[in-house]
Amino acid sequence: MNGNNTLRQMRPVLVFAFIGVVFMFVAPYVLQLFTIINLTTAIALAVLALSLALVWGYGGILCFGQVAFFGLGAYAYTIAAINFGGSTWAILVAIMVASAFAALLGYFVFFGRVSDVYLGVITLTVTLIFFSLIRRTSGPEYKIGNALMGGFNGITSPPLNLPWDTSSFLFPEHVFYVAMAALILCYVFCGWLVTTHFGRVCVGIRENELRAELLGYDSRLYKLGIFTVSAGIAAIGGVLFCNGVGRITPDVFNLYNAALTIIWVIVGGRGTLIGPIAATFGLFYLTSALGGQSVLNNNLVLGVILIFFVLLVPKGVAPTLTDWFTKRRKPRRANRRRRRSQVNKA
Amino acid sequence: MDLVVAVLFQLVYGIANLALISLGLAIIFGMMRVINLAHGEFLMLGGYTVVVATNAGVNIWIAMLILAPLVVGIIGVIVERLLIRWLYGRMVDTLLATWGLSLLLIGLVTSIFGASTATTISPPLGIIRLGDYSASGYELFLIGVTIVLFIAVFATLKMTKLGLVARGTMQNPEMSSALGVSTTQVYMVTFGLGAAVTGLAGGLLAPVTGVLPTIGATYIAKAFITVISGGASILAGTAAGSILLGGINGIFAFITGPTIGEVALLVAAIILLRLMPRGITGRFFRKSL
């Protein structure tokens, strides 16, 4: 595939990325600091949604435990940053730890040829076990290096600092730039990855695993690959998240957060990258607004949203909208073509 | 010697506990190929039924053994009619829809009863002596109930007309409906029975664990991993999964504490699935029920 072709396929991705860049530079001048800090958290969650959109929407791997990698990344970052005294290597450690764990888990499930539904349940179980495991680490004997695990209360995360300069910490308004830049980079990376040979094979496996295998592709390896990459992206989200919030607690691994991740992708639509990102921002503000009142319970609303989408809009918002537009445009374009051919004949 | 007996008792109780919380899930999964992610919430509803009923003055035994399965069974039938029946054959969508249901039920119960523990009830039976050690009589009772429940499910499936029709429908729905069986009714009843067994388990465990809207999450990880490790056979699979994983959990918990026990359970299950992707009964006892 030549470079020109790739560029053409990535045009929508680059358009959205450009909008993101504009937003990144305009937002701090327009919005209040409080909103910016909130946004940073939402951006971190959007990176998580993006990672699931990649592995589920394109890889066809039903991972219910994407928050496990997200939380693992956040914990690894926090523990490493406390021990190293700086964030530069800690970020790398976070990505490595989450990817390595995903690769190990993926080896067992993909090479065991566990079916997709089982995979969802297993990844969810892993997440819940992390939850109960880390919740119990409250005693002073549970520490890694200098970092106390803190059990239920979690750990305070050291802020990001400039690369290799441990004395200059970033302020919340700067973390916003970092988060937004990370989101855009991850988004473009995912958009590029799905146009590569690797990405196309992954989509092929999603569509028909047997056929892909008969064509000579080892589906286990490809699945393991995309699973590992997406875990690394989720870990980046985790690093941003614990910087946005300022601490990391075991609650990140709970069932509610695992469900939330799935809901973003379902609502946004599988098979798109921008849909889940947009859905994350939308639902983030919805749940924040719901948190301010006590009539409707958050769980209740999310449950209704999930059931509604599974039963009535199973494709999600973005693909449904795209379908609707192409359906409306197609007859018109066909008409135009017909008219043009008549003109030519004349 | 007394120590050995006490440890063995705990081990057996752990296994029975695992089997009890998994059985309802296994019935629904084994018969209908539906993974019910709201399983934990069915357990939770069973617990709430018992708490509400005993607070209203109902005898605790009636509340646990009759009301809990009845109420949750009815809820199961309603859920099947409103939600599950649209999604047969679409496993992933069923999974997601039942997850939505799980959130919905947590939210509903939180709205009604509040987020904290409802009034707790104490286990009704006293302690029994094992030489120098003592064990809870209620735990012994739970072990007994689990065994009785397994026998009852076996008898229902093997010896009654309902069980025969249900098994036939699961094997070949077209043939069954050609022979005059209303398959939709069979699905409804099977799901209801699975839910009822789950409700019974939740009700029985309520005095031990207390009830919380979010208590389902503490059960489901173990229940899912047991059922998946067990494989497709309902009784043999659940029993084999419970004995293996409950045994590993118990032994590790005895040596190092409950946290490592759970991790060991999970690691064992994942390694098991690498070796036998279709569960224990996918490889051994394949003809069993």
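This is a short tour of chain B and of the place where it meets chain A.

The model is predicted, so local features need pLDDT of at least 70 and side-chain atom pairs count only at pLDDT 80 or more, while totals for chains, interfaces and linings use all residues. Residues are numbered from 1 along each chain as its sequence is written, and chains are lettered from A and ligands numbered from 1 in the order in which they are written.

**Stop 1: chain B as a whole**

Select chain B and colour it by secondary structure. You should find 12 helices and 2 strands, where helices (H or I, at least four residues) and strands (E, at least two) are DSSP runs numbered from the N terminus. Along the sequence their order is α-α-α-α-β-β-α-α-α-α-α-α-α-α. The radius of gyration of chain B is 19 Å, close to the 19 Å of the globule rule for 289 residues, so chain B is as compact as a globular protein of that length. (The radius is taken over C-alpha atoms, and the rule is 2.2 Å times the number of residues to the power 0.38.) Along the principal axes, the C-alpha atoms of chain B fill a box of roughly 65 × 45 × 35 Å.

**Stop 2: B:Val208**

Next, pick B:Val208 in helix H8 (residues 183-209) of chain B. Is B:Val208 buried or exposed? B:Val208 is partly exposed, with 15 other C-beta atoms within 10 Å; 20 or more would make a residue buried and 12 or fewer exposed, with C-beta atoms placed from the backbone. Now add B:Ser122: its C-alpha atom is 7.4 Å from that of B:Val208, although 86 residues separate the two along the chain.

**Stop 3: where the chains meet**

Show both chains. Here 36 residues of chain A are in contact with 33 residues of chain B, contact being C-beta atoms, placed from the backbone, within 7 Å. On the chain A side, H6(A) gives the most, with 12 residues. By class, that side has 24 nonpolar, 9 polar and 3 charged residues. (Ala, Val, Leu, Ile, Met, Phe, Trp, Tyr, Cys and Pro count as nonpolar, Asp, Glu, Lys and Arg as charged, and the others, Gly among them, as polar.)

**Stop 4: H6(A) against H11(B)**

Finally, zoom in on H6(A) and helix H11 (residues 258-275) of chain B, which pack at about 165 degrees with axes 10 Å apart. Among the residues that meet here are A:Ile122, A:Val126 and A:Ile129 from H6(A), and B:Val263, B:Leu266 and B:Ile270 from H11(B). The residues of this contact divide into 7 nonpolar, 3 polar and 1 charged.

How values were computed. Two residues are in contact if their C-beta atoms, placed from the backbone, lie within 7 Å. Axes are lines fitted to C-alpha atoms, for helices over the stretch in contact, and angles run from 0 to 180 degrees between N-to-C directions.
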